[in-house]
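Reader: I am new to this structure and would like a close look at a single part of it, the place where strands run side by side. Please take me through it slowly, and then show me what surrounds it.

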Amino acid sequence: MKKTLLGKLDDKEIDFIAVRGKEKLYIQVAYLLAEPATIEREFFPLETIDDNYPKMVISMDPVNRLRNGIIHMNIIDYLFAESPEKH
């Protein structure tokens, strides 16, 4: 069974939690990561999750802002990627 959830961690929000069986994928979505406050807002909630499931931030930024093992992808690259995390 596949499902997509919205999540909250204390006062922080996780945009999407995709669940398929025992697998999870945490996703944050932002237009641009242009300001330090925006970067912190998008990455921090994912950094506080204490499990080993994949976590990613998707935005329009052309620059990869990989941080602490959290994947960052440009939305265009994400939409055209062929990977198990996407499906």
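Author: Two strands are said to pair if DSSP finds at least two bridges between them. With that in hand, and keeping in mind that this is a predicted model, we can begin with strand S4 (55-59) and strand S5 (71-74), which pair in the parallel sense over four bridges. On the other hand, S4 also has strand S3 (23-29) to consider, and S3 and S4 likewise pair in the parallel sense over four bridges. Isoleucine 58 can be followed across both pairings: its bridge partner in S5 is methionine 73, while valine 29 stands opposite isoleucine 58 in S4.

S4 is mostly covered, with five of its five residues buried. Lys55, Val57 and Ser59 point one way from this strand, Met56 and Ile58 point the other way, and all are buried. Along S5 the picture is an alternation, for His72 and Asn74 point to one face and are buried, whereas Ile71 and Met73 point to the other face and are not.

The side chains of S4 lead on to the nonpolar cores. Val57 belongs to the largest of these, a core of twelve residues that also includes Ile14, Ile17, Leu33, Ile39, Phe43 and Ile70. Strand S2 (12-20) and helix H1 (36-47) each supply at least two residues of this core. Ile58, by contrast, is found in a second, separate core of five residues, which includes Leu25, Ile27 and Tyr78 as well.

Leucine 33, a member of the twelve-residue core, shows how several of these parts come together. Leaving aside its neighbours within four places in sequence, leucine 33 is in contact with Val57 and Ser59, with His72, and with Thr38, Ile39, Glu42, Phe43, Asp61 and Arg65. Leucine 32, in the loop between S3 and H1, has a relative accessible area of 34% and is therefore partly exposed. Together with Tyr31 and Met60, Leu32 makes a nonpolar surface patch of about 320 Å².

The loop between S4 and S5 deserves its own look. Asparagine 68 is found there, and this residue has a positive phi of about 50° although it is not a glycine. Its relative accessibility is 65%, so asparagine 68 counts as exposed. Arginine 67 lies in this loop too, and its partner glutamate 40 is in helix H1, so far along the chain that 27 residues separate the pair. The two form a salt bridge in which the closest N and O atoms are 2.9 Å apart. Both ends count as partly exposed, because glutamate 40 has 36% relative accessibility and arginine 67 has 21%. Salt bridges that share partners join Glu40, Glu47 and Arg67 into one network.

The structure holds five salt bridges, and two more of them can be named here. The side chains of glutamate 42 and arginine 41 meet at 3.1 Å, N to O, and glutamate 42, which was listed among the contacts of leucine 33, counts as buried because its relative accessibility is 6%. The side chains of arginine 20 and glutamate 23 also meet in a salt bridge, at 4.0 Å from N to O, and arginine 20 is partly exposed, with a relative accessible area of 31%.

Conventions. Residues are numbered from 1 along each chain as its sequence is written. This is a predicted model: local features need pLDDT of at least 70, side-chain atom pairs count only at pLDDT 80 or more; totals for chains, interfaces and linings use all residues. Side-chain values use heavy atoms; hydrogens and water are left out. Buried means under 20% relative accessible area, exposed over 50%, partly exposed in between (1.4 Å probe, protein chains only). A nonpolar core is a set of buried Ala, Val, Leu, Ile, Met, Phe, Trp, Tyr and Cys residues joined through side-chain atoms within 4.5 Å. Contact means heavy atoms within 4.5 Å. Patches are made of residues with over 30% relative accessible area and no salt bridge: like charges are joined within 9 Å, nonpolar side chains (Val, Leu, Ile, Met, Phe, Trp, Tyr) within 5 Å. Accessible areas come from the Shrake-Rupley method with a 1.4 Å probe; for residues, only the protein chains shown count as cover.
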